[in-house]
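Dear colleague,

I am handing over the structure we spoke about, with the sequence alongside. Could you look through it before reading my notes below?

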Amino acid sequence: MMDQVNNADTADSTYKSLYKLGGAAALIVAVLTLSEVIGLAFYPQPGTVSGWFTLFQRNKLIGLLDFWGLEVPMYVMFIIVFLALYVVLRKANQGLMVIALTFALLGIGIFLATNNPFAMLSLSNQYAAATTDAERSTFLAAGQALLANTNQRAVGGFNMGLFLVSVAGLIVSSVMFQSKSFSRLTAYVGILAYALSLADYLRQALTTSAIVALLVILPNALFLVIWFVLVGWRLYQLRRLEGKTLPKQPGGNMSASVLVAYATRYGSTQEVAEAVAATLRECGLEVDIQPMRKVRTLARYRAVVLGAPLFMFHWHKDALGFLSRHRRELVERPVAVFALGPVHDPHDEKEWEDSRSQLDKELAKHPWFKPIALEMFGGKYDPAKLGFPLNKMAGKEPASDIRDWTAIRAWATSLAPRLQSAPS
Ligand SMILES: Cc1cc2nc3c(=O)[nH]c(=O)nc-3n(C[C@H](O)[C@H](O)[C@H](O)COP(=O)(O)O)c2cc1C
């Protein structure tokens, strides 16, 4: 099941600090990328080696910044980010992640070896101190070689380091689709960002147009920044999840508990949820019970029971919100659902059919949601509890409580073995 992928992705607390560092490193990369784009916009790069030397002599900091100086710490940060991504995603696709990590580390090494803003600064200093034309032309030639070696984004240029890291990013983003640890949005943004990085090589080969360059480089930088923010934030979350929600059991498993989550307006569904929880406990399960709106994560639960009443032809809004909010975790676990609806006494078959079709309609809005059990129970109606304007709208319908406690407990008992056998 997918939760095995997910839990395996996140369960190893040995890597907790790597996630934290990876999260911080990714956010630093996002800030550095943004700073580089803004810096380059304000201080355009010179077109010649002597232009570079002059710039370095005029302002060393701007010279370093223009000579992709921020990318040096950025690529160092990449090491931590890619290691953390490898650890998180290796269970989803070990083969591809090994290739991605190898490409990334090799690319980072090549990049750091070929991008040396301090070498350019040093050449510029020597050029400034040179006393003869022969000396100066030697330093100009050396500067030209350094520039050619760097070969970033220059027309006809090809920086192998950048290329390998972009391929690694593309692979990592595609593996994200196979894992529940990252959202699909993160995967799509990553694919777009790194595809644009690679497209830039085509641009370099095909055109000298500055407009085309901007049209590729700006969205490329934007998507990269978004990707690193998403990745950084998620790595941080994964670290927190580990600490809080995956306590080690004696057998090494995550907690075996079941969550009964309910929504209620007048309290009757809460009482049914309590009866379901009590029955499951009697069957030997470890059960937590919580109002849906208070649930932040399902990480420590192997299975979930959801209960909510119907109101005005709709399922309680907390329940619909819960499905949307916890979609990723719900698809990974067995989920049983009950709803309260019919209130007429004696039994009115038409009312039960209507309530059932209301519930089916609501659940059909979430076609991904496949509960292992779905049950409708009779509810409770107390006109005295209705506030304005419902109390004015309500007719002379008498109070009723048709909750069938025997049926409720029997349903919970029948669920127990299926929830118990859910993989932890
Ligand atoms: C104002 C109001 C509207 C209701 N609308 C529906 C409905 O559209 N369909 C249905 O099956 N039950 C409906 N019911 C019945 C409730 O689902 C039932 O009373 C339930 O037990 C209430 O749960 P709660 O006490 O947990 O809030 C409605 C009840 C009230 C008071």
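In this predicted model, the ligand is surrounded by 21 residues, of which S268, T269, P309, G341 and G379 are the closest. Four elements, namely α12 (268–282), β3, α15 and β7, each supply at least two residues of that shell, and β3 gives the most, with three residues. By character, the shell around the ligand divides into eleven nonpolar residues, eight polar ones and two charged ones.

The domain assignment of the chain gives domain 1, covering 2–245, and domain 2, covering 257–420. The C-alpha centres of domain 1 and domain 2 are 50 Å apart.

Turning to the packing, it may help to recall that in soluble globular proteins nonpolar side chains tend to be buried together. The largest nonpolar core here has 64 residues, and those that touch the most other members are V29, F78, V81, L89, A104 and A168. Helix α5 (residues 71–89) gives the most to this core, with twelve residues. If one leaves aside the neighbours within four places in sequence, V81 is in contact with G22, A25, A26, V29 and V231. There is also a second, separate core of 40 residues, which includes V287, L306, L340 and W411.

Helix α10 (residues 184–206) allowed a simple check of geometry: at 1.5 Å a residue, its 23 residues should span 33 Å, and because the end C-alpha atoms are 33 Å apart, the two values agree. Within α10, the buried residues are T186, A187, V189, G190, A193, Y194, L196, S197, D200 and Q204.

Some points of backbone geometry deserve your attention, given that most residues other than glycine have a negative phi, and most peptide bonds are trans. Which peptide bonds, then, are cis? One joins D345 and P346, with omega at about 5°, and P346 has its place in the loop between β5 (335–340) and α15 (349–364). Another runs from F388 to P389, with omega near 5°, and P389 is found in the loop between β7 (380–381) and α16 (390–393).

As for phi, M312 is not a glycine and yet has a positive value of about 50°, and M312 is found in the loop between β3 (301–311) and β4 (314–315). Is M312 buried or exposed? With 6 C-beta neighbours inside 10 Å, where 12 or fewer is the cut-off for an exposed residue, M312 counts as exposed. F313, which lies in the loop between β3 and β4, is a residue other than glycine with a positive phi near 70°. Because F313 has 13 C-beta neighbours inside 10 Å, F313 counts as partly exposed.

Finally, I noted a pair that is separated along the chain: K361 and H314 are 47 residues apart in sequence, while their C-alpha atoms are 8.6 Å apart in space. K361 has its place in helix α15, and K361 is exposed because 12 other C-beta atoms lie within 10 Å.

With best regards

Methods: Residues numbered from 1 in each chain as written. Predicted model: local features only at pLDDT ≥ 70, side-chain atom pairs only at ≥ 80, totals over all residues. Buried ≥ 20, exposed ≤ 12 C-beta atoms within 10 Å, placed from the backbone. Near = placed C-beta within 6 Å. Nonpolar A, V, L, I, M, F, W, Y, C, P; charged D, E, K, R; others polar. Core = buried A, V, L, I, M, F, W, Y, C linked by C-beta atoms within 7 Å. Contact = placed C-beta atoms within 7 Å. Domains from an automatic or database assignment. Expected span 1.5 Å × (residues − 1).
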